[in-house]
Amino acid sequence: MLGKLTWSAIPFDQPIPLVAAALVGVVLLGVIAWVAVAGWLPYLWREWITSVDHKRIGVMYVILGLVMLIRGFSDAILMRSHQALAYNAPGYLPPEHYDQIFSAHGTIMIFFGAMPFMIGLMNFVVPLQLGVRDVAFPTLNSVSFWLTATGALLVNVSLVVGEFARTGWWPSPPLSEVTYSPGVGVDYYLWAIQISGIGTLMSGINLVTTILKMRAPGMSYLRMPMFCWTALASNMLIIAAFPILTATLAMLTLDRYLGFHFFTDEAGGNSMLFMNLFWAWGHPEVYILALPAYGVFSEVISTFSGKPLFAYRSMVWATLAICLLSFMVWLHHFFTMGPGGDVNGVFGITSMIIAVPTGVKIFDWMFTMYGGRVRFTTPMLWSVAFLVTFVVGGATGVLLAIPPADFVLHNSLFLVAHFHNVMVSAVVFAAFAGYTYWFPKAFGFTLDEWWGKAAFWFSLVGYVWVFTPLYVVGLLGMTRRLQHFSVAEWYPWIVAASLGVIVMVFGVVCQVVQLVVSIRRREQLRDVTGDPWDGRSLEWATASPPPSFNFAVMPRVEGEEAYWAIKQRAREQARLREEPDYEPVEMPLNSPTGFVCAFFATLVGFAMIWHIWWLAALGLAGAFATFVVFAWRDRVEYEIPADAVARINRRNRASRLEALQQARRKEAA
Amino acid sequence: MRGDAARPQRRQARVSAALPHLGAIAAAGLVLSGCQMSLLNAKGPVGSDEANILIVASIIMLAIIVPTMIGTLAFAWWFRASNTRAHYRPDWAFSGKIELVIWSVPFLTIVFLGGIAWIGAHRLDPAVPLDSDRTPLRVQVVSLDWKWLFLYPDQQVASVNELVVPAGTPVQFVLTSSSVWNAFFVPRLGSMIYTMRGMTSQLNLMADQEGTLHGLSTHFSGDGFPHMQFPVRAVSDTAFAGWVQGAKGGPRLDTAAYGELARQGTVDAPRTYGSLEPGLFARIVDQTIPKGPGPAQGAETGAPPTVKPKGGS
C-alpha cells in the first residue's frame, strides 16, 4: 500500500535533522495559523496563490529563492563547522549525514536558491522593461512557479522522510546507481529536479516568447535594456540545455527503476556518458545564472552612474558570444578522465575564450562609471564589489582551464573556492543588488539603506574570508567532500574558513533585519513617483507598485533608454507627456491551475520516490484532469474599464508632476 | 540623492575591498612556496612543470586583474556624485579606441594562455611516458570501497593503502576501479586521473627524491571516501628491493582474497601480498570478476556498512 515507506524512514535516531525539521514545521504552522486567524487566507489565495500576474509570480519566485538561500546557507554552516571539528576527529556529523548535507547544499543553492531568484527577477522586470502588460503565457507562468516550489518541497521533505542523495549535487554513476545508492536519496534528487526542471523549461519558453514577440511599439531589439538581452540569452540557454538534463536524469531513473544500463558500465552502458551529458547541461547552467546577473549589474551601474551603459552594442555581442560559447566547454569538467592532449587542448582553449567577452563586459562596466556621477547606494555597492572580486574568480577560472593546471587542482578546494568566488560574486551579489534595486518597484517603498549596507559589508568580508583560505588549502592538495582529515597543514585554513562563515551569518541576519525594519518604516521609505533611483528604463515609467496592467497605455519607444528620453523631455518642458486617451484593458483571469497541478505533481514525485504506484497514477490523472479543466475554460480575460485605468494613471501622474515641479523649484532656488 | 548617507563607507570600500584580496594572494604565495604540502613545492618532474604553469599563468593574470581592480575602485571613487572636480559626461557611452583595447587585452591574453594550454595539454598528457634512461616501474592501481590496491606485476607483489616506489625511476600507472569512480592523486608528484570500472586510464609520474608523500582520492566515492588516503613512500632502489622482498612473505592475492577486499569497508593499516594470481588485474578490468558489491552485500549483517569516522587514514 505504501511502497517502501515505513516508520523507519523517519530518522528518529538523528537529532539534527529532526530538531531542524521540527523547528521549521513549528514556524511554518505558526505562520499559517497566524495568516488564518488574521483572515488573510482568502486574500492570499485570490491575490497570490492563484495569481497569473508576472509581478506577483516574480515576487513569489524571489521569496522562494531567499528562503532556499538561507536553507542552503545553513547547510554550509554545518559543513564548515563540522570540518573544523574533524581534524583527527570524527566531527559531529556521521558520514552518511555529512554526505547528504553537501549534496543538499549544492542542489538547493543551484536549483532552488539561485535559479528561482534569477527567474523571479526576470519575471518581474522583463515585461515592465519591455513596456508590456504580462508575459506571453500568464497561466503557464504560474504553473512553472508552482512546479519549482514542488521540487523545493520534495528536497526539504527528504530531511525528515527518508534521506537525501549522498552522491554530491551531480549524482554521478556508478555511485548513484541502485547498487551503490540503494536508498531513496537519489530518487528524491531525481524527482525534485525533474519536476522543477519542467517548470524551468516552461518558464524559459515563456520569457523567450515574451521578449521576441511582445515588445512595446518602437522597442526594437537594439533598444531593449541590457537586462532584457541577458534574460533573452539566459532563457534561450534554458530552452537548449534543460532538455539535456531532463533526458539524462530520465536515463538514470530508468537505470534505477527498471534495471536499464545507460550508465552502469555493464551491457554496453557507460558512466562517462553521464558526465558528458550532465555537464553539457551543467556548464550552460552556469551562464543561465550568470547572464541575468550581468544584466542586473548593467542596469544598476548605469542607473547609479547617471549614464547610459558604455558600449551597449558591444555588450550585446559579448552576451550572445557567451551564450554560444557556453555550449562548447563542458569537457573541462573532466580533463582528468584522460581524454588526451588534443581533446583537452581544444576544450581548454574554448573555455578560456569565454573570458574574452566576459572581460569586455567588466571593462565596459568600468567605463560606464567613468564620467558618471556615482551614487553609492546598496545595489551599487554590491555591483562594485562584484567587479572587484569577480575578476579573481575569472582569473582562477582561466587557470583551471589550462589542462595541466587542472590536473592538480581538479576537485580540490581551490576549485570549490573558484566556483563559489564566481557564483557568489556574480549571482548572489546580483541577486541582492537586484532585490534592493527593484524592491521599491514591487512594493512601493525602498529598503532601509543602513541595514542594507551593513548586510553588504558583512557578506563581502565574510565571503572573502571564507574562500581565500579555501583557495590556499586547495593548493595544499586538499580535496572537497572530506568528512574528516588528518593532515596538519590543512587544519588552520579550514578553521579560518569556518570563522569567516560567522561573519557571513551576520550578513544574513542584517539582510533579514533590513526587510523587517523596512516594512515597519515603510511610510518614511515610501516611493510615490515610481522612480526612486532616477531610472532609465520603462519599469520606472509606471507607478510603484505598478497596477495589474503595468501601463495605462503602451509606451512608445523612440530610442535606447526609453524612459530616460521621456523624463528628459519632461524636465526640459517642465510638464509631463500629454495625457493619453484611455481605453479599457483586458487582463487574464487568475487561475488555480498552477497550484493544483503542483499539488498533484508533489503526489507523483513523492509516490515515485517511495514506489507507491497507485498514488503516482492518481497524481498523474489529477494533473491531467487539471489541465483539461483549464483547457475547457470559458472566460479567459476580464476587462478593466477605461475610467478605472484613467483614475489609477492620474494618481501616478499627479505625484510625478509634483516631483517634477519640486525639482524645478529646488533648481531655481 | 541617496548616496549621500554613504560617505563614511566609501573610503572603506576602497581599502577593505582591495586589501584582503591582494594581501591574501601575496601571503598565500609566501606561505605556499615553503609549505610541506604545497603543490607548488613539487617532488617530481610532472608536478614541477605543472607548478611552473600555475605560477606563470597566475602572474600573467595578476598583471591584468590587479590593474582592473584598482581601476574599478579608482573610477568609482573619483566619479562619486559628491566630487565636484570630476567631469560629468552624462551622454558619453562609446569610444571606438577604448573598445579596441577592451577587446584586444583579454583576447591577446587568451592567445598567450591558450598556447600554454595547448602545449601543456600535450606535453603533460598523463598517458605520455616520461623521459628517462631507466626502465619504468609498472604499477596497476585498483580503487576499491574504500581502499587502494597497488599491484606490482613485475615484482609479483601487491599492497593495500601504501604505495612504495623507487625515487628517480619513472612509474607507469594503469588504473581501474572495482566499483564507483575515484581519482588517484599524489599532489606533490603531479597529475591526477580518474579510476573507472571496466576501463583503464594511464598515468606517468616520477618522484625525484626520497621521502613520504600524501596520496588521496579526489573524486567522491561514498561514505568511506575520507579513508581513500594513503602514504606514498619514495625510497632508494635498495630499499625498494628490500620492501619487495619483505612483501614476498605475505599471503597470496587471488580472486577470493580480492573478493574480500572488494567488500565495502576500510582497512586500518597498510598490508601487502606476496604473490599474485596471474591475470588478476586483466580480469578486474574486463569485469570477469564481479564488481564491488556495494552496501547490499557489502556487510555480513545486511545492514549498511559501519564506517567509523576516525582521524587516521
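User: Happy to be starting on this structure! Over residues 53–79 of chain B, what percentage of the chain is helix?

Analyst: Welcome! Keep in mind that this is a predicted model. UniProt, in an unreviewed entry, lists residues 53–79 of chain B as a "transmembrane region", along with 21–41 and 100–121. The end C-alpha atoms of residues 53–79 are 39 Å apart, with 0% strand in between. The helix share over these residues is 96%.

User: And how far apart are the end C-alpha atoms of residues 100–121 of chain B?

Analyst: This span also comes from the UniProt list of "transmembrane region" entries. In the model, residues 100–121 of chain B are 100% helix and 0% strand. Their end C-alpha atoms lie apart by 31 Å.

User: What does the UniProt record name for residues 134–246 of chain B?

Analyst: Let's look at the model before the record. Here the span is 9% helix and 54% strand, and its end C-alpha atoms lie 24 Å apart. The unreviewed UniProt entry gives these residues the annotation "domain: Cytochrome oxidase subunit II copper A binding".

User: Which strands are at the edges of the open sheet of 5 strands in chain B?

Analyst: The sheet has mixed pairing and the order β4-β10-β9-β6-β7. On average, its neighbouring strands are turned by 20° against each other, direction ignored. An edge strand pairs on one side only, and in chain B that description fits β4 (163–166) and β7.

User: Which residue of β9(B) is the bridge partner of B:Phe184?

Analyst: Strand β6 of chain B covers residues 182–186, and 2 bridges join it to β9(B). The two strands run antiparallel. Within β9(B), B:Phe184 has as its bridge partner B:Ser217.

User: How many residues lie between β6(B) and β7(B) in their hairpin?

Analyst: These strands run antiparallel and are joined by 4 bridges. One of the pairs links B:Ala183 with its partner in β7(B), B:Tyr194. In the hairpin that β6(B) and β7(B) form, the number of residues between them is 3.

User: Why is β7(B) described as largely enclosed by the rest of the structure?

Analyst: A residue is buried if 20 or more other C-beta atoms lie within 10 Å of its own. For chain B as a whole, 44% of the 313 residues count as buried. β7(B) is largely enclosed because its buried residues number 6 of the 6.

User: Which helix of chain B packs on the sheet?

Analyst: Chain B has 7 helices and 13 strands. The helix in question touches β4 and β10 (229–235) of chain B, and its direction makes about 140° with that of β4(B). It is α4, residues 237–248.

User: How many residues of chain B are in contact with chain A?

Analyst: On the side of chain B that touches chain A, the elements giving two or more residues include α1 (7–34), α2 (45–78) and α3 (96–123). The residues on this side divide into 59 nonpolar, 28 polar and 11 charged. They meet 96 residues of chain A, and on the chain B side the count is 98.

User: Which helix gives the largest share of the largest nonpolar core?

Analyst: This core has 305 residues, and those with the most contacts inside it include A:Met118, A:Phe297 and A:Val427. Beyond its neighbours within four places in sequence, A:Val427 is in contact with residues including A:Ala114, A:Met118 and A:Ala293. The largest share of the core is 21 residues, from chain A's helix α4 (residues 95–130).

Technical notes:
Residues are numbered from 1 along each chain as its sequence is written. Chains are lettered from A and ligands numbered from 1 in the order in which they are written. This is a predicted model: local features need pLDDT of at least 70, side-chain atom pairs count only at pLDDT 80 or more; totals for chains, interfaces and linings use all residues. A nonpolar core is a set of buried Ala, Val, Leu, Ile, Met, Phe, Trp, Tyr and Cys residues joined through C-beta atoms within 7 Å. A residue is buried if 20 or more other C-beta atoms lie within 10 Å of its own, exposed if 12 or fewer, and partly exposed in between; C-beta atoms are placed from the backbone. Two residues are in contact if their C-beta atoms, placed from the backbone, lie within 7 Å. Ala, Val, Leu, Ile, Met, Phe, Trp, Tyr, Cys and Pro count as nonpolar, Asp, Glu, Lys and Arg as charged, and the others, Gly among them, as polar. UniProt positions are given in the numbering used here, feature names are shortened, and annotations may be inferred rather than shown by experiment. Two strands pair if DSSP finds at least two bridges between them. Axes are lines fitted to C-alpha atoms, for helices over the stretch in contact, and angles run from 0 to 180 degrees between N-to-C directions.
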